[in-house]
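Me: Please take a close look at one part of this model, and explain in a connected account how the residues there are placed and what they meet. Where the wider structure helps to set that part in context, please follow it outward.

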Amino acid sequence: MAAESDEDLGLKKPPQGGGHGRVGHVSVLSKEAIDFLAVKRGGTYIDATLGLGGHSYEIARRLGPQGRLIGFDKDPHALQLAQRRLSPAPGAEREWPQVILVHASFAELEERTSSALADGILADLGLSSLQLDDPNRGFSFQAEGPLDMRMDPHNERTADQVVNRMREEELANVIYEFGDERRSRRIARAIVRARPVRTTAHLAQVISAALRSMKHTAIHPATRTFQAIRIFVNRELEDLEELLAAAPGVLKTGGRLVVISFHSLEDRRVKDAMREGAAKGVFQILTKKPVTAGDEEVDRNPRARSAKLRAAEKIGQ
Ligand SMILES: C[S@@+](CC[C@H](N)C(=O)[O-])C[C@H]1O[C@@H](n2cnc3c(N)ncnc32)[C@H](O)[C@@H]1O
């Protein structure tokens, strides 16, 4: 099934995207994602999470001039960078597919596209390294930054509102539900007492102090709470559910859905949606177990460690 090389795919040397090059985010499970999408020349593909366009570039170069790539991202900065990477190099315009970039959540997939449009949909969930590594975006507990955490800067809800305004009980529930954090009540109490919490480093310090007397875990004490706040701020699980609900309608029969997730809350939703689809005769599941990254990829890219890829093909209405 999997093509081994560009020659196997009948590809010529790819026309390079105008701004193609290293851009600071290494795409996870790239070969596997492209293989499961089984990209067809002349097809229409949707990248629901464009990021820096790494996966999209691999799709685009297989499509040819009759093909079409539609990329979604909530983050206008990511769209700008992806646009550069996905524009054809001078002289290669005739070989390059149509590329349409959309600044929207993939939760709007159904409204922004049409039914039976796509030969494949890819979603590589979560954050790009560009977002995570920029202290000004407020995603990292390892750097001093504002309590922001919005993928889309136009989003009204910020981490600051959650941290400094939410009622203690509600905050504890968010930390428990979206961070899988058993010590959520203790953390929420410490945050409320420390208000106003002004920066990511301050928040990390408050959480570390609240858990100081407790058993040490392998991960930083603030990891789960930061994950929880980020998921809540960006409505990540609601958006994912909407994407999964819309995907069968937007895919053509024979089209494929490929999702890469990074934690169990996401993966469970993907697994359940694909199983429900299979039970209704809409999907055939292509990955009995989730596909994970090999040691070599994890060595090169630690972000790949928790990645799980699931794929399904639409076989019925
Ligand atoms: C892991 S990165 C994708 C990286 C990309 N596959 C690549 O190879 O460069 C995830 C991207 O999806 C975007 N994103 C996350 N949730 C989204 C949503 N609900 N709608 C649209 N974009 C979203 C983030 O802003 C981020 O840029």
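Reply: A residue is called buried when its relative accessible area is under 20% and exposed when that area is over 50%, with partly exposed used for what falls in between. The model is a predicted one. The part chosen here is the loop between helix 10 and helix 11, where R235 is found. With a relative accessible area of 36%, R235 falls in the intermediate class and is therefore partly exposed.

The backbone of R235 deserves attention as well. Its phi is near 50°, a positive value in a residue other than glycine. In general, most residues other than glycine have a negative phi.

N234 is found in this loop between helix 10 and helix 11 too. Because its relative accessible area is 0%, N234 counts as buried. Once neighbours within four places in sequence are set aside, the contacts of N234 are K74, F139, M149, R150, M151, D152, N155 and D239.

Moving back into helix 10, one comes to I231. I231 has a relative accessible area of 1% and is therefore buried. Not counting residues up to four places away in sequence, I231 touches F178, E236, L237, H263 and L265. D124 is 107 residues from I231 along the chain, and the C-alpha atoms of the two are separated by 15 Å.

The contact of I231 with F178 leads on to the packing of two helices. Helix 7 (residues 168-179) and helix 10 (residues 223-233) have axes 8 Å apart and meet at an angle of about 95°. Angles of 65 to 115 degrees count as roughly perpendicular, so helix 7 is roughly perpendicular to helix 10. On the helix 7 side the contact is made by V174, I175, F178 and G179, and on the helix 10 side by R224, T225, Q227, A228, I231 and F232. Sorted by class, this contact has six nonpolar, three polar and one charged residues.

Helix 10 also takes part in covering helix 9. The buried residues of helix 9 (residues 200-210) are T200, L203, A204, V206, I207 and A210. Because they span an arc of only 160° around the axis, they sit on the same side of helix 9. Helix 6 (159-165), helix 8 (184-194) and helix 10 are among the elements that cover them. In the loop that joins helix 8 to helix 9 lies P196. The peptide bond leading from R195 to P196 is cis, with omega near 0°. As a general matter, most peptide bonds are trans.

Beyond the loop, the charged side chains can be followed. Side chains of opposite charge can pair when their charged atoms come close. The structure holds 17 salt bridges. One of them joins R269 to E241, at 2.7 Å from N to O. Since R269 belongs to helix 12 (residues 264-279) and E241 to helix 11 (residues 236-250), this pair ties together parts that are 28 residues apart in sequence. R269, at 23% relative accessibility, is partly exposed, and E241, at 41%, is also partly exposed.

A further salt bridge joins the side chains of R256 and E313, at 3.0 Å from N to O. This pair links distant parts of the chain, with R256 in strand 5 (residues 251-261) and E313 in strand 7 (residues 308-314), 57 residues apart. Both R256 and E313 are buried. The loop residue R235 returns at this point: K74, R235, D239 and E242 form one network, joined by salt bridges that share partners.

What, then, meets the side chain of E108 in a salt bridge? The partner is R112, with 2.9 Å from N to O. E108 is partly exposed at 27% relative accessibility, and R112 is partly exposed at 45%.

The positive phi of R235 can be set beside that of A116, which has a phi of about 50° although it is not a glycine. A116 lies in the loop between helix 4 (109-112) and strand 4, and its relative accessible area of 44% makes it partly exposed.

To conclude the view of the chosen part: R235 lies in the loop between helix 10 and helix 11 and is partly exposed, whereas N234 is buried.

Notes
Residues are numbered from 1 along each chain as its sequence is written. This is a predicted model: local features need pLDDT of at least 70, side-chain atom pairs count only at pLDDT 80 or more; totals for chains, interfaces and linings use all residues. Side-chain values use heavy atoms; hydrogens and water are left out. Axes are lines fitted to C-alpha atoms, for helices over the stretch in contact, and angles run from 0 to 180 degrees between N-to-C directions. Helices (H or I, at least four residues) and strands (E, at least two) are DSSP runs, numbered from the N terminus. Angles under 35 degrees count as roughly parallel, over 145 as roughly antiparallel, 65 to 115 as roughly perpendicular and the rest as oblique. Contact means heavy atoms within 4.5 Å. Ala, Val, Leu, Ile, Met, Phe, Trp, Tyr, Cys and Pro count as nonpolar, Asp, Glu, Lys and Arg as charged, and the others, Gly among them, as polar. Buried means under 20% relative accessible area, exposed over 50%, partly exposed in between (1.4 Å probe, protein chains only). The arc is that of the directions from the helix axis to the C-beta atoms. A salt bridge is a side-chain nitrogen of Lys or Arg within 4 Å of a carboxyl oxygen of Asp or Glu.
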